[in-house]
Amino acid sequence: MGKLEGRVAVVTGSSRGVGRAIAEAFVAEGAKVVLNGRSEEKGSQAVAEIGAGEAVRFVAADVASRAGCERVVGEALERWGQVDVLVNNAGGTVDPAPVAEMSDETLRVTLDWTLWSTFWCTQLALADMIPRRSGRIVNVSSLEGKCGKPVTSAYVAAKHAVNGLTKSCAYEVGELGITVNALCPGAMHTDIFDEVGVEIAAEQGLTLDEFLAHFATEAATKEITAIEDVAAIAVLLASDAGAGISGSLISVDGGTAPF
Amino acid sequence: MGELDGTTAAVWDDSSGLGAAIAAALEGAGANLARDDGEDVAPFLAAAAERLGGLDLAVICLGEPGPSQPLAEVSDENWQRELDDQLGTAFRGVRAALAQMLPRGRGRILVTTTVESKLARAGATPYVAAQHGVAGLVKSVAHEVGPQGVLVNALVCGAIAGDGDEAALARIERGAIKRPNTAAEVAAAALALASPAMSSVTGTLFPVHGGTVPY
């Protein structure tokens, strides 16, 4: 018997990377999962690779708009009638630059992608969770939700805001049997990191490997974060046994964040 | 197949029930388990390692605070006793566990603390200071032994159902879930962190307190 048997989960940004790892861990524990990403092709590939038949659905949508979020959360409601677990994983940044040189567009896109998507999906899921007095919301934040880093101000600001949303929302719905938490992973070697990390590293005159090594140096383990560990903690938070954890910003970063 | 099949674990318990719940969860997941019989933490962990043939996981459940007393009236003896019961025990337990784990290049250490490792509590200043010390110990030692394959974490436990005093009840009211935590919830978190597959969580004050701590 899996820890999430019969649960319906929505995981945004889950055709690859940590979202995909969380979705796979949920499926392994018996959940039905709506996967999401912007590319139909990558989504189809993910569904095929997971190989869980009817237990996995993919919705191609950009959650940087309310309409996109409605389609993703709506798929779970239409197909399975409820949303038990929402994982707000989608997010990221574009054209990273120091604040002195950063464009309005960088901040706007980063906030839409990271913060507004979390807000919209949370609101849509709560509309189902609150009447049923049951639910779990897991926001995949970041080490950058707790700490600053050069050349990533837009992302850092967005993730700090996600953490604030997490804490406040937890107080609003805690008595209704709904928990809201954020996971704060350190650097993970995902394919997304390969894309955006290269740009951020280049801005600092580093190669991607040097950039990753820098993250590893700051960790107690001297290693970057294992994606599977983030998924394992997400399973705990989504499970019955996770009912007593809410409003928390949980570091999964090898001991990097100082608090 | 349990997720801890083949894992050796020792649970030392000076609390009111957390150790029993954690031990049950570990045993349910297949761990080969030793529990203390009232011995001091260090000799217990050494003996457990010998009996089990090595120690993969050590769980140290710290005890309850001493009687409430304003700091202005705390004697040197009472201050020292509280520091020793909490921080001293954590230190001796972690050191004893490391003696087993460092030579093997792997291990997991969990210390149960309370929200007083992060928050104030009037009338319990020696306990609060000692608990904050435990948090510092866990964070620092994690950085010392991380590269050697040993992960050290604290579980920050909220008031557990049945044992809340007035201060704890007031704190619960200010939290997110408005109820005490359960020993089973602490045990589930312990189980997640105990997994040999877990490699990225260390030096963390892992929250099982229903949102009663703001950071």
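User: In which sense do β5(B) and strand β6 of chain B pair, and over how many bridges?

Analyst: This is a predicted model. In it, β5(B) and strand β6 (residues 205-208) of chain B pair in the parallel sense, over four bridges. Take one position: Ala154(B) stands opposite Leu205(B) in β6(B).

User: Which sense does the pairing of strand β4 and β5(B) take?

Analyst: Strand β4 (residues 107-114) of chain B and β5(B) pair in the parallel sense. This pairing runs over eight bridges. For an example, find Thr113(B): its bridge partner in β5(B) is Val156(B).

User: What unit do β4(B), helix α4 and β5(B) make?

Analyst: They make a right-handed β-α-β unit. The helix in this unit, α4 of chain B, covers residues 125-145.

User: How do I read the two faces of a strand?

Analyst: Start with the general idea. In a regular strand the side chains alternate between the two faces of the sheet. Now the case here. On one side of β5(B) are Val150(B), Val152(B), Ala154(B) and Val156(B). On the other are Leu151(B), Asn153(B), Leu155(B) and Cys157(B).

User: Are those two faces of β5(B) covered or open?

Analyst: Both faces are covered, and the residues named on each side are all buried. Here, buried means that 20 or more other C-beta atoms lie within 10 Å of a residue's own. Eight of the eight residues of β5(B), residues 150-157, are buried, so the strand is largely enclosed by the rest of the structure.

User: Now the whole chain. How many helices and strands are in chain B?

Analyst: Chain B has six helices and six strands. From the N terminus on, the order is β-α-β-α-β-α-β-α-β-α-α-β. The radius of gyration of chain B is 17 Å, close to the 17 Å that the globule rule gives for 215 residues, so chain B is as compact as a globular protein of that length. Its C-alpha trace spans about 45 × 40 × 30 Å along the principal axes.

User: What share of chain B is buried?

Analyst: Buried residues make up 53% of the 215 residues. Look at sequence distance too. Among contacts in chain B between residues at least 6 apart in sequence, 74% join residues at least 24 apart.

User: How many residues does each chain bring to the contact between chain A and chain B?

Analyst: Chain A brings 30 residues and chain B brings 29 residues. On the side of chain A that touches chain B, α8(A) gives the most, with five residues. The residues of that side divide into 14 nonpolar, eleven polar and five charged.

Terms used: Residues numbered from 1 in each chain as written. Chains lettered and ligands numbered in written order. Predicted model: local features only at pLDDT ≥ 70, side-chain atom pairs only at ≥ 80, totals over all residues. Rg over C-alpha atoms; globule rule 2.2 N^0.38 Å. Buried ≥ 20, exposed ≤ 12 C-beta atoms within 10 Å, placed from the backbone. Contact = placed C-beta atoms within 7 Å. Pairing = 2+ DSSP bridges. Right-handed = clockwise from strand over helix to strand, strands pointing away. Nonpolar A, V, L, I, M, F, W, Y, C, P; charged D, E, K, R; others polar.
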